[in-house]
Amino acid sequence: MAAVADATAPVASIRQKVSRPMVVAAILVLWLLLFAVLRGRQTLTLAAADLTGLHRWLNDVNDSIGANRNSNPVFLYFFNEIRLVIDNLVTFVQSLISQPSGSRPVPQIGWLGVVGLVGYVSWAVGNWRVALLAVAGFTFFGLQGLWQESMDTLALTLSAVLVALVIGIPLGVWAGLSDRVNRIMTPFLDFMQTMPTFVYLAPLTLIFLIGGASAVITTVIYAAPPAIRITAYAIRSVPETTVEAADSLGATRAQQLVKVLLPMSKRTVVVGVNQTIMAALAMVTIAALIDAPGLGKTVVQALQSLDVGTAFNAGLAIVVMAIVLDRVTTAAAVRTESRRTGEGRFAKWRRPLLGAGGVAALVLVYLSHTYVWAAEFPGDGTVGSHIASAADTTSTWLQDHLFGLTNALRDAVTNGLLNPFQTLLTDSPWWLVGAVLVALGAVLGGRRAGVTAAVCVGLLVGTGLWSDSMTTLASTVVATILTMLAGVVFGVWMGRSTLADRLIRPTLDAAQVMPPFVYLVPFLALFGATRFTAIIAGVVYAAPVAIKIIADGVRNVSESTVEAATSAGCNSWQIITKVQLPMARSALTLATNQGLIYVLSMVVLGGLVGAGALGYDVVAGFSQGELYGKGLAAGLAIVLLGVMFDRITQAAARRTRA
Amino acid sequence: MSRHWRAGAAGLAVLGLTLTACGGAKVGDSSSAGSKSSGGKCGTFNLAVNPWVGYEADAAVVAYVAQHDLGCTVNKKDLKEEIAWQGFGTGEVDAVLENWGHDDLKKKYITGQKTAVEAGSTGNKGIIGWYVPPWLAKAHPDITNWESLNKYAANFKTSESGGKGQLLDGDPSYVTNDAALVTNLKLNFKVVYAGSETALIQAFRTAEKNKQWLIGYFYEPQWFLSEVPLVKVNLPKYTTGCDADAAKVACDYPVYDLDKIVSTSFAKSDSPAYKLVKNFNWTNDDQNTVAKYIAQDKLSDDAAAKKWVDANKDKVDAWLK
């Protein structure tokens, strides 16, 4: 909370500069005073097995959907048709690269063909460097002994991304052209991105049945919003003057869109595609819970017997796939840019080379279709078992040697920071905490943020899970503070040194896409089934984003300013604290915003490792029919917390920039 | 430019020809040897696999027998209980092999929607209760009696338990009365929800290794007990009906007769797989053996099943009669 206050304090007018932190401090002191008097009253606690009327009503709604599935026309003529189309798409892609079809014991295209095609496409849309990376990455799946699993994951991811883009890009264009559509769509997108997947997993399988369709739709719900948002942003950021010029030349609206807006926003749209792919890969392990085939299943199954090595091996394959797809799409974005600004030196050669490469890829595809050696990856994945045993050894070593240290750290943070803060939140009367949140929102973010906070507080009380929400809030805030600490330390380091950036960045990428399930087992061994384990898992997931944003912010501080400070005799510490960090203020606020949202998206996973509260409610709702309604309400509470903090920090960020 | 073009094409042709020449076996050449299923009477058999290793062992063996002796095409589907039961109605799931009580689901799907029916016991006895790591039971033998728990409550304190002793609970899908038990037995403990089986097992593993105090919810049959033989704490004896009112429970959990559930349409079909499911019956030791193959010896499901089936021909034959 202090971080937010610091980041937003210094603004244009001098009066505000003094008063805003003072007001925040006054609010906090008043809260502490009232807490001392009113402790333990009107805390709205609800025991783990208890339900409210709302929860029961949600249960009934869910049951009635299940009971009417086979007679309801909406199912017969709408959902079933959607399911059929998507199911066919998935089955088709799977029969191409991952699953045997008909009388063929292997997929249509074997490993050699896939590697050849991937290399060719990467080279055609990107450059030869990413093509090499792609070929190496895909060959690595085979060496790991995970070829088929990887292809299943790739098939599902590609299908989901395709569906997400078919829906997302037109919606994004629409939202880019119309302010009203944009305003209506934003809350829905927030909802899709922050609602925990566990909440809609069970109902989805009821609507779309168990199988490929449900897995793809689950993924699309989470992966389409970035495509929509970024496309809308791309359309909006085409310069006004260009559009006006087209207007004055008499272009119709359709011409304007096709000839001006779309070509000019192509590069940013490719970034949207990139983000959609990353989001889709993040769903791999979750989709495995409803029988989606692929690497996610390997991870989930290995963890039933606490087999960290096997889980890590599969997790590593997901990381490699994410890095390959990320680099290829990024290279594609760069290429669309350079094509626009003028063709490269080898333009003359490009066309014939593309043709020749295409023929070579086709030959490889033909071979892999026809011959067994090119269809089934040779060897038995010895590399994979080496990786697995190395991961096992490392994890055991860490557990044996760090145990005392990690326990001490956990107890220090829990007793020193988390427990007092949580007590303050859960034992204060609900209206007091609510008033504090609204007041902080208003002071930091302005009147509109205050109103949003008030609405969210009201709805949180309505979910019947106020006390659990406050417990989760306490852990979330502590995790965000730790995330920001890591963000500032590593972000400044990376921002100031290109070498550090180059060394650390791949680790950050890996931490973002490695399925959390994989590192939860070692964390459990080190920290036990506690709220602290959940906090650390949240930090590991959220810190990379914060670090990257802060590093960018620090790097963007103009060099002449830093040079001026150096010549004025400032030392490094002074440059960081007096020049670079204050000037990267808006990056810090953005990092806080994203850090909080990412930490919140780990709340459910936290529920699996001892965090209790909202995360546990969601998990329990997923596993027990009677608790379904409560789980849904808990999911809503997480969305509400997310929306409240997003609006407050964004409003605060806008003020800083102003 | 066209010269390069031609050279490239020629090079590719040579490459292509070489690769084809040393081609080797063609796809489909010997594929018919793979499946010896001539029967085809069985068709597809959709088997739900719930996420714990004991169940995985059941499913491995049943699937292996269905595939090799009955010629079924077995689709194993990894699903949580609630979703698996939901699948009975939509035709996506034919059978659930190891059901732990779950009266709520039985009420909803068997008596309510009538999409599922019972298919008899698996022969496994499910025991639920409070367990402590073996070192603790050895150091303080009286701890296995619930009445002495309060004496030790302070030792079970953790950062999560708010000054009381911690009673660790696991995956929320499992049957539990622990919160009510703590209140009704007037124990100075707090139930802390680990949230998953993984977390629970890891907690016991760490506790045994580092000689930490830990008491938690656990159950057998479970593969982990062959790695660390946890010791059960005796709660007041279970008598029929003592758990009738969930809020007033003050007795141990009953011994669960684990049973099989199948979809109504599967039960009505004359699929040989249904007969297999109905006849399937084995002991806790059998299941533990296969679960150990999977969890500790790291065999694949199929290899583990084969190993057990080959050694227990007589039992398998009895299921096929």
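This passage describes a predicted model of two chains, A and B, taking confidence, chain A, the contact between the chains and chain B in turn.

The model scores ipTM 0.80 and pTM 0.85. Chain A averages a pLDDT of 84, with 94% of its residues scoring at least 70. Within chain A, the pLDDT falls below 50 over residues 1-15, a stretch that has 29 contacts in the model beyond near neighbours in sequence. Chain B averages a pLDDT of 84, and 88% of its residues score at least 70. In chain B the pLDDT is below 50 over residues 31-40, and this stretch has seven contacts in the model beyond near neighbours in sequence. Where pLDDT is low, the predicted coordinates should not be read in detail.

The secondary structure of chain A comprises 31 helices and zero strands. The C-alpha trace of chain A spans about 80 × 65 × 60 Å along its principal axes. For a chain of 658 residues a compact globule would be expected to have a radius of gyration near 26 Å, and the 26 Å found for chain A agrees with that expectation. Of the 658 residues in chain A, 53% are buried. Among the contacts in chain A with a separation of 6 or more, 80% are accounted for by residues 24 or more positions apart. One residue of helix α19 of chain A, which covers residues 382-427, is Leu405(A). Because 10 other C-beta atoms lie within 10 Å of it, against a limit of 12 or fewer for exposure, Leu405(A) is classed as exposed. Leu405(A) and Ala356(A) are 49 residues apart in sequence, and their C-alpha atoms are 59 Å apart in space.

The contact between the chains takes 56 residues from chain B and 59 residues from chain A. On the side of chain B that touches chain A, the elements giving two or more residues are α1 (2-21), β2 (73-78), α3, α4 (103-112), β6 (189-193), α8 (197-209) and α11 (284-295) of chain B. Of these, α1(B) gives the most, with seven residues. By class, this side of chain B has 25 nonpolar, 20 polar and eleven charged residues.

Two of the elements named for the contact, α3(B) and β6(B), can be described further. Helix α3 of chain B covers residues 81-90, and nine of its ten residues are buried, so the helix is largely enclosed by the rest of the structure. The buried residues of α3(B) are Glu81(B), Glu82(B), Ile83(B), Ala84(B), Trp85(B), Gln86(B), Gly87(B), Phe88(B) and Gly89(B). Just after α3(B), Gly91(B) takes a positive phi of about 80°. In β6(B), four of the five residues are buried, so this strand too is largely enclosed by the rest of the structure. Strand β5 of chain B, residues 165-169, pairs with β6(B) in the parallel sense over five bridges, and within this pairing Gly165(B) has Phe189(B) of β6(B) as its bridge partner. Together with helix α7 of chain B, residues 178-184, the strands β5(B) and β6(B) make a right-handed β-α-β unit.

The loop between α6 (149-152) and β5 of chain B holds Gly162(B). Gly162(B) has 12 C-beta neighbours inside 10 Å and therefore counts as exposed. The C-alpha atoms of Gly162(B) and Val96(B) are separated by 40 Å, with these positions 66 residues apart along the chain.

Strand β4 of chain B, residues 116-132, has several antiparallel pairings. Six bridges join β4(B) to strand β9 of chain B, residues 256-263, and these two strands run antiparallel; here Ser121(B) stands opposite Asp259(B) in β9(B). With strand β7 of chain B, residues 215-220, β4(B) pairs in the antiparallel sense over five bridges, and Gly129(B) stands opposite Phe218(B) in β7(B). With strand β8 of chain B, residues 231-233, β4(B) pairs in the antiparallel sense over three bridges, and in this case Val132(B) stands opposite Val231(B) in β8(B). In a regular strand the side chains alternate between the two faces of the sheet.

Definitions and conventions
Residues are numbered from 1 along each chain as its sequence is written. Chains are lettered from A and ligands numbered from 1 in the order in which they are written. A residue is buried if 20 or more other C-beta atoms lie within 10 Å of its own, exposed if 12 or fewer, and partly exposed in between; C-beta atoms are placed from the backbone. Two residues are in contact if their C-beta atoms, placed from the backbone, lie within 7 Å. Ala, Val, Leu, Ile, Met, Phe, Trp, Tyr, Cys and Pro count as nonpolar, Asp, Glu, Lys and Arg as charged, and the others, Gly among them, as polar. pLDDT is the predictor's confidence in each residue, from 0 to 100. Two strands pair if DSSP finds at least two bridges between them. A crossover is right-handed if, with the strands pointing away from the viewer, the path from the first strand over the helix to the second runs clockwise. The radius of gyration is taken over C-alpha atoms; the globule rule is 2.2 Å times the number of residues to the power 0.38.
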